[in-house]
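A learner and a teacher go through one structure together. How should its local features be read?

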Amino acid sequence: NMLATTIGGRTFNNCMMNAAGIRCQSKQDLDALVQSDAGAYVTKSATPQKRAGNPSPRMHTLPHGSINSMGLPNNGLDYYLNYVIADQQKRPGTTNFLSVAGTSLADNLAMLHQIQASEYTGFVELNLSCPNVPGKPQVGYDFDRVHTVLDQVFDFYTKPLGVKLPPYFDLVHFDQIAAILNQYPLTFVNSINSIGNALVVDPQSEQVVIRPKGGYGGIGGASVKPTALANVRGLALRLKPEIAIVGTGGILNGVDVFEHILCGASMVQIGTQFGYEGIPLFDRLATELTDIMKKKGYTSIDDFRGKLKTFD
Ligand SMILES: CC(C)(C)CCc1c(C(=O)O)[nH]c(=O)[nH]c1=O
């Protein structure tokens with residue numbers, strides 16, 4: 001069908017899925033995604049043990065986006081690993097994404113050892129926005145640390161794995177992170193995570209809108225699309241072809257999906273808008289994207305993936 005895509009030898013019948021963190025924390029959430037038109041699901045980033053996360057209000061949705069400082073609330077790795085293994089037994093031949101975000105390298109390695117030893121055959125999405133040692137920026141912004149983490153992961157992990165990256169804002173950073181990632185047998189790179197440590201103010205109450213971190217949080221939604229497209233394109237132009245790109249950020253409508261694919265994405269993830277609209281989003285986006293493709297004479301996303309034109 002027109003929206004099928006292939007990553008790491010696995011074919012998905014739809015190139016659209018949820019982004020980690022949004023409506024994917026509970027079994028009920030995940031069951032709804034299984035029943036939906038989404039091509040796959042990703043589970044809420046897991047830590048070794050269940051976490052309550054930050055005190056509320058910890059997320060605020062605006063017309064043009066959202067801000068969140070959830071603090072990794074999740075049911076713990078065992079919960080999600082059990083879910084995806086049960087699901088792959090029920091639906092052999094389907095591939096989904098298990099997201100992990102340890103709050104330390106030791107936690108990430110312990111979780112990956114557990115997954116490696118399990119009968120899970122799907123993808124792992126390693127969240128590199130996870131915190132680093134105190135006083136250092138998040139892992140995704142500490143390139144030496146990214147090297148160290150991936151060296152230690154690929155010392156033992158042999159199942160398909162990708163990394164979730166924060167947004168970069170300097171072309172030299174695209175060069176540097178791509179040069180590192182190209183050294184590893186990654187199945188995919190997911191770009192972007194929310195734009196970190198933004199601040200939303202309520203001028204009426206003269207107060208920030210979320211409790212954690214003095215109101216600082218990650219931004220998602222329409223306002224991040226130009227940054228998301230820049231990162232998808234920047235990585236698509238620099239990463240070796242074996243590494244597929246998952247495009248995330250600022251997708252509200254089918255045309256936004258089209259733009260992400262034009263910039264090089266093989267799969268797209270929707271966060272903020274999925275949080276807003278719920279499961280009907282996937283059917284609406286599939287219809288809108290299919291209409292755009294038909295108007296342009298495309299029968300597969302392969303016809304236009306990565307084919308963004310410049311002026312010269
Ligand atoms: C930011 C972390 C809490 C370290 C990771 C989890 C996460 C969160 C979160 O759980 O606060 N929110 C995001 O927008 N992106 C993320 O990757």
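The dialogue below takes up confidence, the ligand site and two asparagines.

Q: What kind of model is this, and what are the mean pLDDT of the chain and the ipTM of the complex?
A: This is a predicted model. The confidence of the predictor in each residue is given by pLDDT, on a scale from 0 to 100. Here the chain averages 97, with 100% of its residues at 70 or more. For the complex, the predictor reports an ipTM of 0.99 and a pTM of 0.98.

Q: Which residues are around the ligand?
A: A residue is listed if one of its heavy atoms lies within 4 Å of the molecule. In this case the list consists of K44, N68, S69, M70, G71, L72, N127, S129, C130, P131, N193 and S194. Sorted by class, that shell holds seven polar, four nonpolar and one charged residues.

Q: Which polar atoms of N68, G71 and N193 lie by oxygen atoms of the ligand, side-chain or backbone?
A: For a polar contact, the pair of N or O atoms must be within 3.5 Å. N68 places a polar side-chain atom 2.8 Å from a ligand oxygen. N193 also uses a polar side-chain atom, at 2.9 Å from an oxygen of the ligand. With G71 the partner is a polar backbone atom, 2.9 Å from a ligand oxygen. Taken on its own, the ligand has 390 Å² of accessible area, and the protein covers 77% of this.

Q: Where is N18, and why does N18 count as buried?
A: The cut-off for buried is a relative accessible area under 20%. N18 belongs to strand 3, residues 16-18. Its relative accessibility is 0%, so N18 counts as buried.

Q: What does the side chain of N18 reach, and which residues does N18 touch?
A: The N18 side chain reaches the backbone nitrogen of V42 at 3.0 Å. Setting aside residues up to four places away in sequence, N18 touches C24, L33, A40, Y41, V42, Q269, I270, F274 and F282.

Q: Where is N132, and is N132 buried or exposed?
A: N132 sits in the loop that runs between strand 7 (123-127) and helix 4 (143-153). N132 counts as buried because its relative accessibility is 13%.

Q: What does the side chain of N132 reach?
A: One partner is the backbone oxygen of P137, at 3.2 Å. The side chains of N132 and D142 are joined by a polar contact of 2.8 Å. Both P137 and D142 are also among the contacts of N132 beyond four places in sequence, together with Q138, V139 and R145.

Key
Residues numbered from 1 in each chain as written. Predicted model: local features only at pLDDT ≥ 70, side-chain atom pairs only at ≥ 80, totals over all residues. Heavy atoms only, no water. Polar contact = N/O pair within 3.5 Å; in protein donor to acceptor, adjacent residues only side chain to side chain. Areas by Shrake-Rupley, 256 points an atom, 1.4 Å probe, with all protein chains shown as cover. Nonpolar A, V, L, I, M, F, W, Y, C, P; charged D, E, K, R; others polar. Helix = DSSP H or I, 4+ residues; strand = E, 2+ residues; numbered from the N terminus. Buried < 20%, exposed > 50% of the residue type's maximum accessible area, 1.4 Å probe, protein only. Contact = heavy atoms within 4.5 Å.
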